[in-house]
Amino acid sequence: MNYFERHIFFCTNQRDNGERACAQFDANALLETCKVAVKTGDLAGPGKVRVSKAGCLGRCAGGPVAVVYPESTWYSFVDRDDVLEVVEEHLRHGRVVERLVLPDSVGV
Ligand code: FES
């Protein structure tokens with residue numbers, strides 16, 4: 001058994017050289033939205049869900065991005081509602097939110 005049933009990592013990387021980075025697209029606010037929703041939804045903790053902040057995950061062109069393990073499902077978000085949908089559908093019920101899945105072709 002995994003210590004956490006699911007673990008979501010949010011890229012919050014920031015760049016000062018003008019290159020695209022997830023922090024430009026409210027990644028920190030989206031991370032906070034996820035943390036609050038997981039906590040208030042009674043999803044946080046061992047055997048359940050962990051939300052973590054990450055540096056660059058190497059898929060900057062799709063930012064803001066997050067990845068959910070153990071499924072290795074990559075998501076690209078537009079807004080808070082997208083994050084809340086992933087929390088309810090994927091993190092709670094294990095159902096991938098197909099409309100938000102980052103295509104394999106999107107990289108740096
Ligand atoms: S800056 Fe977010 S994936 Fe690279």
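Colleague: Where is Pro-70 found in this predicted model?
Modeller: Start with the bond before the residue. The peptide bond from Tyr-69 to Pro-70 is cis, with omega near 15 degrees. Most peptide bonds are trans. As for its place, Pro-70 is found in the loop between strand 3 and strand 4.

Colleague: Which residue does a cis peptide bond join to Gly-63?
Modeller: Omega is about 0 degrees at this bond. The residue sits in the loop between strand 2 and strand 3. Leu-30 is in contact with it. The partner of Gly-63 is Pro-64.

Colleague: In what order do the four strands of the open sheet run?
Modeller: The pairing is mixed. Strand 2 and strand 4 (73-76) are the edge strands, and each pairs on one side only. From one strand to the next, the twist averages 20 degrees. The order is 2-1-3-4.

Colleague: In what sense do strand 1 and strand 2 pair, parallel or antiparallel?
Modeller: Strands of a sheet pair through backbone hydrogen bonds, in either sense. Here there are six bridges between strand 1 and strand 2. Cys-11 stands opposite Ala-54 in strand 2. The sense is parallel.

Colleague: At about what angle does helix 1 run to strand 1?
Modeller: Helix 1 covers residues 27-40. It has 14 residues and reaches 20 Å, close to the 20 Å expected. The helix lies across strand 1 and strand 2. Its angle to strand 1 is about 160 degrees.

Colleague: Within what arc do the buried residues of helix 1 fall?
Modeller: The buried residues are Ala-27, Leu-30, Leu-31, Thr-33, Cys-34, Ala-37 and Val-38. Seen down the helix axis, they share one arc, so they line one face of helix 1. What covers them includes strand 1 (6-11), strand 2 (49-54) and helix 2 (80-92). The arc is 160 degrees.

Colleague: Which element gives the most to the largest nonpolar core?
Modeller: This core has 23 residues, and Ile-8, Phe-10, Leu-30, Cys-34, Val-38 and Val-87 touch the most other members. Strand 1, helix 1, strand 2, strand 3 (65-69) and helix 2 each supply at least two residues. One element supplies six residues. That element is helix 1.

Colleague: Which residues does Leu-30 contact, leaving aside its neighbours within four places in sequence?
Modeller: Leu-30 is one of the buried residues of helix 1. It is also among the core residues that touch the most other members. Its contacts are Phe-10, Pro-64, Phe-77, Arg-80 and Val-83.

Colleague: Is Asp-26 buried, partly exposed or exposed?
Modeller: Asp-26 lies in the loop between strand 1 and helix 1. Its phi is positive, about 60 degrees, although it is not a glycine. Within 10 Å there are 17 other C-beta atoms, and buried would need 20 or more. Asp-26 is therefore partly exposed.

Colleague: And Asp-42, buried or exposed?
Modeller: Asp-42 follows helix 1, in the loop between helix 1 and strand 2. Asp-42 has a positive phi of about 60 degrees, although it is not a glycine. It has 10 C-beta neighbours inside 10 Å, and the limit for this class is 12 or fewer. So Asp-42 counts as exposed.

Colleague: How far apart in space are Met-1 and Val-87?
Modeller: Met-1 is in the segment before strand 1. With 6 C-beta neighbours inside 10 Å, Met-1 counts as exposed. Met-1 and Val-87 are 86 residues apart in sequence. C-alpha to C-alpha, the distance is 21 Å.

Note on methods
Residues are numbered from 1 along each chain as its sequence is written. This is a predicted model: local features need pLDDT of at least 70, side-chain atom pairs count only at pLDDT 80 or more; totals for chains, interfaces and linings use all residues. The expected span of a helix is 1.5 Å times one less than its number of residues. The arc is that of the directions from the helix axis to the C-beta atoms. Two residues are in contact if their C-beta atoms, placed from the backbone, lie within 7 Å. Two strands pair if DSSP finds at least two bridges between them. Axes are lines fitted to C-alpha atoms, for helices over the stretch in contact, and angles run from 0 to 180 degrees between N-to-C directions. A nonpolar core is a set of buried Ala, Val, Leu, Ile, Met, Phe, Trp, Tyr and Cys residues joined through C-beta atoms within 7 Å.
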